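Please work through the following exercises with the sequence and the coordinates at hand. Each task is followed by a solution in steps.

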Amino acid sequence: MEISKHIYLATTEGCEACRIMERILKQVQRDNVYTFSIQVRDYKLLPEFIRVDVVLTDFPTLIFLENNVIKYHVAGTMSAKKLQEIIKYLHFN
């Protein structure tokens with residue numbers, strides 16, 4: 001069975017930090033040879049189970065899913081180095 005790994009980036013309208021985090025996330029994805037997919041969504045358009053299980057009060061918010069199970073989530077911007085540490089810890093690389 002193939003493992004499905006996705007990172008959702010929850011954004012909100014007019015959020016400059018969200019655009020910055022999207023660029024960082026896409027660079028880290030390239031550095032990891034695309035071992036996970038990225039879904040950038042306005043928080044209102046996230047899947048229902050994410051909106052129910054993750055408190056969305058600050059943006060951007062990253063939600064890490066493995067086989068549609070939420071493994072981790074974090075709000076705010078971070079460096080590419082910190083994001084890579086999380087990806088390594090969660091075995092997303």
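The exercises below concern a predicted model and proceed from the sheet to the helices and then to the loops.

**Exercise 1. The sheet**

Task: Determine the order in which the four strands form the open sheet, and identify the edge strands.

Solution:
- Begin with strand 1 (residues 5-11) and strand 2 (residues 37-42), which pair in the parallel sense over six bridges. Within this pair, Y8 stands opposite Q39 of strand 2.
- Next, consider strand 3 (residues 61-66), which pairs with strand 1 in the antiparallel sense, again over six bridges. Here the bridge partner of Y8 is I63 in strand 3. Y8 therefore has a partner in strand 2 and in strand 3, given that strands pair through bridges.
- Then add strand 4, which pairs with strand 3 in the antiparallel sense over six bridges; T61 stands opposite A75 of strand 4.
- The resulting order is 2-1-3-4, in an open sheet of mixed pairing. The edge strands are strand 2 and strand 4 (69-75), each of which pairs on one side only. On average, neighbouring strands of this sheet are turned by 20 degrees against each other, direction ignored.
- As background, strands of a sheet pair through backbone hydrogen bonds, in either a parallel or an antiparallel manner.

**Exercise 2. The crossover and the helices on the sheet**

Task: State which hand the β-α-β unit has, and which strands helix 1 and helix 3 touch.

Solution:
- Follow the chain from strand 1 through helix 1 (residues 16-31) to strand 2: these elements make a right-handed β-α-β unit.
- Helix 1 lies across strand 1, strand 2 and strand 3, and runs at about 165 degrees to strand 1.
- Helix 3 packs on the sheet as well, where it touches strand 1, strand 3 and strand 4; the direction of helix 3 makes about 20 degrees with that of strand 3.

**Exercise 3. The contact between helix 1 and helix 3**

Task: Classify the angle at which helix 1 and helix 3 cross, and describe the residues that meet.

Solution:
- The axes of helix 1 and helix 3 (residues 80-89) come within 10 Å and cross at roughly 55 degrees.
- Because of this angle, helix 1 is oblique to helix 3.
- The crossing of helix 1 past helix 3 is right-handed.
- From helix 1, M21, I24, L25 and V28 meet A80, L83, Q84 and I87 of helix 3. By class, this contact has seven nonpolar residues, one polar residue and no charged residues.

**Exercise 4. Backbone geometry in the loops**

Task: Locate the cis peptide bond and the residues with positive phi around strand 3 and strand 4.

Solution:
- Recall that most peptide bonds are trans, and that most residues other than glycine have a negative phi.
- Inspect omega: the peptide bond from F59 to P60 is cis, with omega near 0 degrees. P60 belongs to the loop between helix 2 (48-53) and strand 3.
- Inspect phi in the hairpin of strand 3 and strand 4, which has two residues between the strands: N67 takes a positive phi near 50 degrees.
- N68 is found in the loop between strand 3 and strand 4. Phi of N68 is also positive, near 60 degrees, in a residue other than glycine.

Technical notes: Residues numbered from 1 in each chain as written. Predicted model: local features only at pLDDT ≥ 70, side-chain atom pairs only at ≥ 80, totals over all residues. Heavy atoms only, no water. Right-handed = clockwise from strand over helix to strand, strands pointing away. Axes fitted to C-alpha atoms, helices over the stretch in contact; angles between N-to-C directions. Parallel < 35°, antiparallel > 145°, perpendicular 65-115°, else oblique. Left-handed = near helix turned anticlockwise from the far one by under 90°. Contact = heavy atoms within 4.5 Å. Nonpolar A, V, L, I, M, F, W, Y, C, P; charged D, E, K, R; others polar.
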